[in-house]
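The following report describes selected features of one structure, moving from strand pairing to charged contacts, backbone geometry and the principal pocket.

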Amino acid sequence: MSTLPTRPDPRLTPVLSESRVCTGVTSLRGRVFLSYPSADGPGVQVVEALPDGRRAPYPDAAWNQANASPDSAFVHVNGLRAGPDGRLWMIDSGSPQLGGQQVPGGARLIAVDAHDDRVERVYHLGEALHPTSYVDDVRFNGALAYLTDAGMPGLVVLDLESGRLRRVLDGHPSTVGGPLVADGRVLRDPHGTEVRLHVDQLEVSPDGRWLYYQPASGGMSRVDTRWIDDPAVSADEVARRVERWCDTPSTGGTAIDANGTIYLSDVERRRILTVAPDGSVRTLVADPRLVWVDAMWLDAEARLWMPAAQLHLTAGFNGGRSAVDYPMHIYRMSVPTGPSRLDHS
């Protein structure tokens, strides 16, 4: 059984407290944005955390209407991030829950102009997905975006100019997840079945050459982006170019800095690990408060934001019974290796 840390680390500062499970945090020009999944019931999915402590639906209340048409409202926002273009990007999984059926037109990558808080463009992803796909996360590389499908293992390559989509590494062993482990136990859904999240986390190296990715159960791989960027490269050739990069534990989220160091949450042992550009793994911080740290954010001031989402204690991952201890907290600490690379542009 995993040994969990017992002492708080003074480098961690709690900066936000939430009454709902929060799995995404990002900052843009001094503004902070959060995303809430539907793990603890329906409600507003994306907010701006205002300096006075209020949470304002973002980009507006209409986009956060429950059970509204996916033409103008979220289905299930699984994450968000500030992009290298200064826009705020939101990933709508298109399915209310992992393993569920896609809502027609629901799976989207949504770009918001944060200057006037207006949805600027919506990329529909359905043609690259399967009926039980669950779009999970996104990273950018120039004019391309890469997205993970945690429901049906595979990656999606999106041309941001034309909107063209391609699915790569569909069902490849590097994208297939195994049982998830957190705090020393295997996670199970309300039916008692082991929870499996397929390819989930991904990062692009600072020079744009490498795409690093892994299922939530761990085992990080990488592929040279030239093989997945070129539509003329065959599926077999792309598969041959995949490299196993390093062994990693069950993971909630990652971030990468300007030097190419990947920050990775270890939900098995309540730690944040670093993966250096040479593949070596070290512990950055271990703290009993880091309870399933989900998608992290590294800001321009080299501060790592860590939402302790307690996702393994939600009903969907805890055998149908919620044991989340509210409020959940978002922590922050300075890191020594450089600010956010955001994404290669």
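In this predicted model, four strands form an open sheet in the order β6-β7-β8-β9, with antiparallel pairing. The edges are taken by β6 and β9 (118-124); each has a single partner strand, so one side of each is left without a neighbour in the sheet. From one strand to the next, the twist averages 20°. Within this sheet, β8 (residues 108-113) and β9 are paired in the antiparallel sense over six bridges. Arg-108 stands opposite His-124 in β9.

A second open sheet of four strands follows the order β16-β17-β18-β19, with antiparallel pairing. Here β16 and β19 (243-246) stand at the edges, and because each has a single partner strand, one side of each lacks a neighbour in the sheet. Neighbouring strands are turned against each other by 35° on average, direction ignored. Strands β18 and β19 run antiparallel and are joined by three bridges. The bridge partner of Ser-221 is Arg-244 in β19.

**Salt bridges**

Side chains of opposite charge can pair when their charged atoms come close. The structure holds 31 salt bridges, and the table lists three of them with their N to O distances.

| Basic residue | Acidic residue | N to O distance |
|---|---|---|
| Arg-87 | Glu-120 | 2.4 Å |
| Arg-118 | Glu-120 | 3.8 Å |
| Arg-209 | Asp-224 | 3.0 Å |

Which parts of the chain does the pair of Arg-87 and Glu-120 link? Arg-87 belongs to the loop between β6 and β7 (88-92), whereas Glu-120 belongs to strand β9; the two are 33 residues apart and the pair links distant parts of the chain. Arg-87 is partly exposed, with a relative accessible area of 28%. Glu-120 likewise counts as partly exposed, at 32% relative accessibility. Glu-120 also meets Arg-118 in a salt bridge, and Arg-118 is partly exposed at 39%. These three residues belong to a network of salt bridges that links Asp-85, Arg-87, Asp-113, Asp-116, Arg-118 and Glu-120.

The salt bridge between Asp-224 and Arg-209 also links distant parts of the chain, with Asp-224 in strand β18 (residues 220-224) and Arg-209 in the loop between β16 and β17 (210-215), 15 residues apart. Are the two partners buried or exposed? Asp-224 has 8% relative accessibility and therefore counts as buried, the cut-off being under 20%. Arg-209, by contrast, is partly exposed, with a relative accessible area of 42%.

**Backbone geometry**

Most residues other than glycine have a negative phi, and most peptide bonds are trans. Against this background, several positions deserve mention. The peptide bond from Tyr-58 to Pro-59 is cis, with omega near 0°; Pro-59 lies in the loop between β5 and β6. Another cis peptide bond joins Tyr-326 and Pro-327, with omega about -5°. Pro-327 is located in the loop between β25 (303-307) and β26 (328-334).

Positive phi values occur at Trp-292, where phi is near 50°, and at Ala-302, where phi is near 60°. Trp-292 is found in the loop between β23 (281-286) and β24 (297-298), and at 2% relative accessibility Trp-292 counts as buried. Ala-302 is found in the loop between β24 and β25; its relative accessibility of 13% places Ala-302 among buried residues.

A further loop position is Pro-51, between β4 (46-49) and β5 (55-57). Pro-51 is exposed, with a relative accessible area of 88%. Pro-51 and Val-32 are 19 residues apart in sequence, and their C-alpha atoms are 9.0 Å apart in space.

**The largest pocket**

The largest pocket holds about 810 Å³ of space. Its lining comprises 39 residues, of which His-76, Leu-98, Tyr-134, Leu-311 and Phe-317 lie nearest the centre. Two or more lining residues come from each of β2 (24-28), β6 (77-82), β10 (135-141), β16 (199-204) and β20 (251-256).

Which element gives the most to this lining? Strand β6 does, with four residues; β6 is also an edge strand of the β6-β7-β8-β9 sheet. Strand β16, an edge strand of the other sheet described above, is likewise among the elements that give two or more residues to the lining. By class, the lining has 16 nonpolar, 14 polar and nine charged residues.

Technical notes:
Residues are numbered from 1 along each chain as its sequence is written. This is a predicted model: local features need pLDDT of at least 70, side-chain atom pairs count only at pLDDT 80 or more; totals for chains, interfaces and linings use all residues. Side-chain values use heavy atoms; hydrogens and water are left out. On a 1 Å grid over the protein atoms alone, a cavity is a set of points where a 1.4 Å probe fits but cannot get out, and a pocket is an open set with protein on both sides within 12 Å along at least five of seven lines; lining residues have an atom within 4 Å of a point. Grid points are joined across faces, edges and corners, and a volume is the space filled by probe spheres set on the points. Ala, Val, Leu, Ile, Met, Phe, Trp, Tyr, Cys and Pro count as nonpolar, Asp, Glu, Lys and Arg as charged, and the others, Gly among them, as polar. Two strands pair if DSSP finds at least two bridges between them. Axes are lines fitted to C-alpha atoms, for helices over the stretch in contact, and angles run from 0 to 180 degrees between N-to-C directions. A salt bridge is a side-chain nitrogen of Lys or Arg within 4 Å of a carboxyl oxygen of Asp or Glu. Buried means under 20% relative accessible area, exposed over 50%, partly exposed in between (1.4 Å probe, protein chains only).
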